[in-house]
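Work through the exercises below with the structure open beside you. Try each task before reading its solution.

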Amino acid sequence: PEEAKYPDMKTDVAMWKSAGLGLGEEASYLLVLSLKALAVANSGEVRFWGKLVTRSGDYFVAEMATTEFPEDNDIFLMEGTDGPNKYTYYVTKSPAGAGSWTVLPNVTTAQIVASRQIKRFLTGNLEASVQSFPPFPGGLESNLVRAIIAQITSETVLSLDGLLKPGDDDEVAAIVPNDEIEDGFTKSVDDLKDMGTWVHAELDINTVGRTQKTPLPVGDDGEPIEPDEPDEAPKAPLGSIAEDVEGDKPLWVLRSCPGAAGISTFSVVAAKSLKWPGAVSVAAGKKITSVYMGFGYPKSSTIYQPPAPKLVLKEWAVSEEEESPGGVPLEKDDITIKPEEPEE
């Protein structure tokens, strides 16, 4: 079908390789065939999102736009296609199998919030239970993988300034392609070496796991109930990566390839995330591609240090008051208490 579209993996793999990431020629070719079969089966456009390293093989992840979403969904528990469920994700352990893709469930706001508080290696089994504290909603690794993908997509998928624009709806935040872009639009290597050229292509997820403003509950009188403390508003769409800082340290680094003395107009520039190791976006001209290959958790700003052990207790010894002149402990006399006689 005409709607079936799959990525040009040959070009993408070459660009990822310049940034230090690769899948290998055989795996890349098998992945192209598998993604093509997935696009044909679902009559849609598919993008290779990346892979998650697990303890028993890797999760290869594919991304497609969500076409079916439950109409009776509770918007207070799960955002729809205007939030983290904008895309549907498929996972496979073997890119060689055309029908081996497993669809991941939709993600809830509670799962996103809980996944930020735990850190664990993925087992490689989507049906494995997630033993963690705080308890993870959903309880399965498939839910945890989906929550991890939502965060990485929101924070690391990039575009170039001018290719996208905010949506027209003032109530619902959205990012859409810029249909007014000029035909000769391109970015030079000098432009790409400026962090202001790189913008986030997906909406930000706030502290309560939402990309949109939290809807207000309605009271019995039909009027909205204002909360005592409103939730943090998500960041504005298309924010520059120059604004991504932790303290005074940037969370992105730009590298050109070839660089140094070999830099030329044919060089590509890669933006590497320092918060999510393995997240890379590579651009040349107006072509940009984003991919993630890593363990699925961010780099922590604090180093874990186990608590110091308590002081060693002293050996038991007889107190000076209880010792006799000969060094032998003295035994105290027994205390006898006569019970009270009952009244006549």
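Buried means under 20% relative accessible area, exposed means over 50%, and partly exposed lies in between (1.4 Å probe, protein chains only). The model is predicted: local features need pLDDT of at least 70, side-chain atom pairs count only at pLDDT 80 or more, and totals for chains, interfaces and linings use all residues. Residues are numbered from 1 along each chain as its sequence is written, and side-chain values use heavy atoms, with hydrogens and water left out.

**Exercise 1. The sheet**

Task: Give the strand order of the open sheet of 8 strands, and explain which strands stand at the edges.

Solution.
Step 1. Fix the terms. Strands (E, at least two residues) and helices (H or I, at least four) are DSSP runs, numbered from the N terminus. Two strands pair if DSSP finds at least two bridges between them.
Step 2. Read off the order: β4-β3-β2-β1-β14-β13-β12-β11, with mixed pairing.
Step 3. Find the edges. β4 (102-103) and β11 (252-257) each have a single partner strand, so one side of each has no neighbour in the sheet.

**Exercise 2. Neighbours of β1**

Task: Describe how β1 pairs with β2 and with β14, then say how enclosed β1 is.

Solution.
Step 1. Recall the background. Strands of a sheet pair through backbone hydrogen bonds, either parallel or antiparallel.
Step 2. Take β2. The two strands run antiparallel and share 8 bridges. They form a hairpin, with 2 residues between them.
Step 3. Locate residue pairs. Leu52 has Tyr59 of β2 as its bridge partner. Val46 stands opposite Met64, also in β2.
Step 4. Take β14. Here the pairing with β1 is parallel, over 3 bridges. Gly50 is partnered by Tyr292 of β14.
Step 5. Check burial. Of the 9 residues of β1, 7 are buried, so the strand is largely enclosed by the rest of the structure.

**Exercise 3. From β2 to β3**

Task: In which sense do β2 and β3 run, and how many bridges join them? Name bridge partners in β3 for Ala62 and Phe60.

Solution.
Step 1. β2 and β3 are antiparallel, joined by 6 bridges.
Step 2. Ala62 is partnered by Tyr90.
Step 3. Phe60 is partnered by Thr92.
Step 4. Look at the connection. Ile75 sits in the loop between β2 (57-65) and β3 (87-92). Ile75 has 44% relative accessibility, so it counts as partly exposed.
Step 5. Extend to the surface. Ile75, Phe76 and Leu77 make a nonpolar patch of about 290 Å². Patches are made of residues with over 30% relative accessible area and no salt bridge; like charges are joined within 9 Å, nonpolar side chains (Val, Leu, Ile, Met, Phe, Trp, Tyr) within 5 Å. Areas come from the Shrake-Rupley method with a 1.4 Å probe, and for residues only the protein chains shown count as cover.

**Exercise 4. Helix α1 and its salt bridge**

Task: Which strands does helix α1 lie across, and which side chains of Asp12 and its partner meet in a salt bridge?

Solution.
Step 1. Helix α1 (residues 9-18) lies across β1 (46-54), β11, β12 (268-273), β13 (279-284) and β14 (287-294). Its angle to β14 is about 65 degrees. Axes are lines fitted to C-alpha atoms, for helices over the stretch in contact (heavy atoms within 4.5 Å). Angles run from 0 to 180 degrees between N-to-C directions.
Step 2. Define the link. A salt bridge is a side-chain nitrogen of Lys or Arg within 4 Å of a carboxyl oxygen of Asp or Glu.
Step 3. Asp12 meets Lys287 at 3.1 Å, N to O. This pair links distant parts of the chain, helix α1 and strand β14, 275 residues apart.
Step 4. Compare accessibility. Asp12 is buried, at 6%. Lys287 is partly exposed, at 34%.

**Exercise 5. Further salt bridges**

Task: How many salt bridges does the structure hold? Why does the pair Glu155 and Lys275 tie together separate parts?

Solution.
Step 1. The count is 6.
Step 2. One of them joins Lys51 and Asp58 at 3.3 Å, N to O. Lys51 is buried, with 16% relative accessibility.
Step 3. Another joins Glu155 and Lys275 at 2.9 Å, N to O. Glu155 lies in helix α4 (residues 141-156) and Lys275 in the loop between β12 and β13, so the pair ties together parts 120 residues apart in sequence.
Step 4. Lys275 is partly exposed, at 30%.
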